[in-house]
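Hi,

Here is the structure I promised to pass on. Have a look at it first, and then read on for what turned up.

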Amino acid sequence: MRLEKKRILQAAVLALTAAALGCGCAALQNLDNGSQETAEREAAFAKAASEPTAPYPETVTYTLAKLTSSGDSLMPEGDTYEDNAYTRFLKDFLNVQNEDVIEVSEGENYDLYVDRLIAENQMPDVMLISDLAKVRQLAEEGLIEDLTAAYENCTSATVKEIYGSYGEELLDSVTIDGRLMALPTTQVNYGCSLFWVRQDWLEELHLDEPETLHDVEEIVLAFRENQMGGAGNVGLVCTDGLVGEGSANFSLDPVFGAFGAYPQIWIRDETGEMQYGSLSGETKAALACLHDWYEKGVLDEDYMMRTTTEIGKLVEEGHCGAFFGWWWAPNAPLLASVEADPDAVWKPYLIGDESGQVNSYIYAKGTQYIVVRKGYGHPEIVMKIITALFDNGRFQGDSTEEIDAYQAMGVDITARPLVINCDYSDAVFRTTDRIRAALQGNLDIGALSSLEQVYYRSCGDYLGGSGEPDDWAAYASRVEAVELMAQGNVVYVNEDYVQQSNAPVPQELLDMEILDFMKIVTGEEDLSYFDQFAESWEKNMFLENLSY
């Protein structure tokens with residue numbers, strides 16, 4: 001009996017030991033599996049941090065100071081700046097998601113809100129900065145990440161080629177002590193401003209096609225004297241600031257350019273020193289011309305009081321048959337003009353100096369910068385987002401149907417989480433070359449980007465006899481106007497340097513300049529007043545302790 005009990009006890013002990021050993025093996029196996037999963041997770045994060053398009057294994061969020069549209073963004077109902085075509089694409093493609101700590105438009109003084117976040121030590125992970133001096137200050141204070149390695153590892157070859165198209169200068173402007181401290185926007189060369197004319201009126205009056213300022217004067221006066229479009233022709237319309245309107249139409253930059261003058265930008269003089277273009281003798285001569293035009297009735301006598309919207313309405317209603325505008329003017333305001341009057345025919349011309357040279361400049365080269373907060377764990381995220389949107393999304397068409405629909409609807413670019421542009425310096429001309437090649441059968445349609453395909457179809461319809469104003473606008477802008485600039489004798493005086501590397505001009509001085517120029521043009525002050533303006537400008541610039 002004792003022996004039997006002993007055997008039973010031994011069997012129980014063996015059973016318990018086996019069970020214990022079994023549990024231990026399972027625990028060890030679970031531990032091994034956990035270690036493996038951790039290793040795989042870490043490897044996936046490491047891969048994402050070192051390759052442009054490798055997705056994160058888990059959703060990576062980043063807080064963002066968000067610049068929004070100053071008007072209607074045109075996003076579909078229900079979409080937001082945190083949940084739209086761009087953010088959904090980035091979530092699917094990279095597994096990243098923005099969380100906006102502020103959403104402020106430029107019109108609401110976005111920069112002021114950013115300054116407040118910095119001052120209160122509440123910097124989000126990613127921010128858009130509008131001032132190069134601010135980028136340098138943040139770098140010197142150790143508040144932003146060094147993006148050198150992130151750029152090298154997580155920027156695609158195409159995006160690097162895009163930045164390379166601007167030479168070394170663009171990235172050098174944000175490189176401090178050998179470290180890349182921000183990602184700058186790329187300012188595409190839009191070309192020069194063109195002289196858009198009602199060609200049907202020109203031919204009706206048997207006027208020669210314009211080439212010089214003298215021709216512009218004759219055409220505008222003829223339109224007014226013959227009351228083309230009916231009573232109320234206002235002459236040559238323009239904005240109250242005369243120049244420096246960036247992407248807005250109706251500036252008079254070509255008038256100043258014909259004199260070799262470049263107001264409101266920094267240019268190199270004969271000695272290589274940077275000078276503010278508004279202070280030159282050439283600018284004074286151009287103002288004398290504009291005063292003469294104002295006295296003769298060439299220049300709209302109410303130009304100083306009109307908004308851009310009001311000017312567009314004058315064009316639409318036929319009260320204006322000539323203005324200076326960019327290559328995209330057929331989309332706005334000319335599309336409205338052609339829709340209102342199907343007989344209206346608009347044509348662009350280049351206006352040069354007496355030698356036939358068209359003098360222009362590249363507007364605002366590099367005015368916005370993306371920075372990453374010091375200490376954020378995924379600084380490469382901005383490079384990956386730019387690569388995803390401007391390489392994979394644009395050129396490779398990786399599941400971007402919803403983004404393509406946004407572009408077709410004209411959704412504002414601020415719908416993108418990072419509101420900087422990334423495109424070749426000659427993108428305008430490159431795109432037109434590709435559209436023209438496809439129209440001529442020399443390039444496969446499938447090789448075109450989604451945007452190029454939209455223009456290709458509209459241009460093809462126009463050439464095929466379509467009477468749709470939209471198709472005319474596509475061809476007149478993307479093909480006719482751009483090819484005119486490409487084939488013309490156009491010289492860009494600031495093509496070789498980053499304009500914003502020089503002292504920003506305080507808004508008070510810009511306002512003073514606009515007012516003083518207005519006084520000279522309208523005759524409220526004599527031309528000699530220009531010298532007083534220049535002296536006062538320089539004095540106040542020095543008082544601001546700004547160097548130029």
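Before the sheet, one term: two strands count as paired if DSSP finds at least two bridges between them. Keep in mind, too, that this is a predicted model.

With that in hand, there is an open sheet of 3 strands, ordered β10-β7-β11, and the pairing is antiparallel. The edge positions go to β10 (322-325) and β11 (346-349); each has a single partner strand, so one side of each is left without a neighbour in the sheet. On average, neighbouring strands here are turned by 30 degrees against each other, if you ignore direction.

If you want to trace the pairing by eye, try β7 (residues 194-198) against β11: the two run antiparallel and are joined by 4 bridges. One place to start is arginine 198, whose bridge partner in β11 is tryptophan 346. Then look for helix α13 (residues 330-340), which lies across β7, β10 and β11 and runs at about 150 degrees to β11.

Next, the helix packing. Which angle do α2 and α14 make where they pack? Helix α2 (residues 85-94) meets helix α14 (residues 381-392) at about 105 degrees, and their axes are 11 Å apart. Angles of 65 to 115 degrees count as roughly perpendicular, and α2 and α14 are therefore roughly perpendicular to each other. From α2, the contact is made by Tyr86, Phe89, Leu90, Phe93 and Leu94, while α14 brings Lys384, Ile385, Ala388, Leu389 and Asn392. Sorted by class, the residues in this contact of α2 with α14 are 8 nonpolar, 1 polar and 1 charged.

Last, the inside. I also looked for cavities, and the count comes to 1 cavity of 30 Å³ or more. The volume of the largest cavity is about 150 Å³. Its lining takes in 20 residues, and those nearest the centre are Ser193, Asp253, Pro254, Ser360 and Tyr361. Two or more lining residues come from each of α10 (253-258) and β12 (358-360), with α10 giving the most, at 4 residues. As for the character of the lining of the largest cavity, 11 of its residues are nonpolar, 7 polar and 2 charged.

So when you open the file, my suggested stops are the open sheet of β10, β7 and β11, the packing of α2 and α14, and the cavity with α10 in its lining.

Cheers

How values were computed. Residues are numbered from 1 along each chain as its sequence is written. This is a predicted model: local features need pLDDT of at least 70, side-chain atom pairs count only at pLDDT 80 or more; totals for chains, interfaces and linings use all residues. Side-chain values use heavy atoms; hydrogens and water are left out. Axes are lines fitted to C-alpha atoms, for helices over the stretch in contact, and angles run from 0 to 180 degrees between N-to-C directions. Contact means heavy atoms within 4.5 Å. On a 1 Å grid over the protein atoms alone, a cavity is a set of points where a 1.4 Å probe fits but cannot get out, and a pocket is an open set with protein on both sides within 12 Å along at least five of seven lines; lining residues have an atom within 4 Å of a point. Grid points are joined across faces, edges and corners, and a volume is the space filled by probe spheres set on the points. Ala, Val, Leu, Ile, Met, Phe, Trp, Tyr, Cys and Pro count as nonpolar, Asp, Glu, Lys and Arg as charged, and the others, Gly among them, as polar. Angles under 35 degrees count as roughly parallel, over 145 as roughly antiparallel, 65 to 115 as roughly perpendicular and the rest as oblique.
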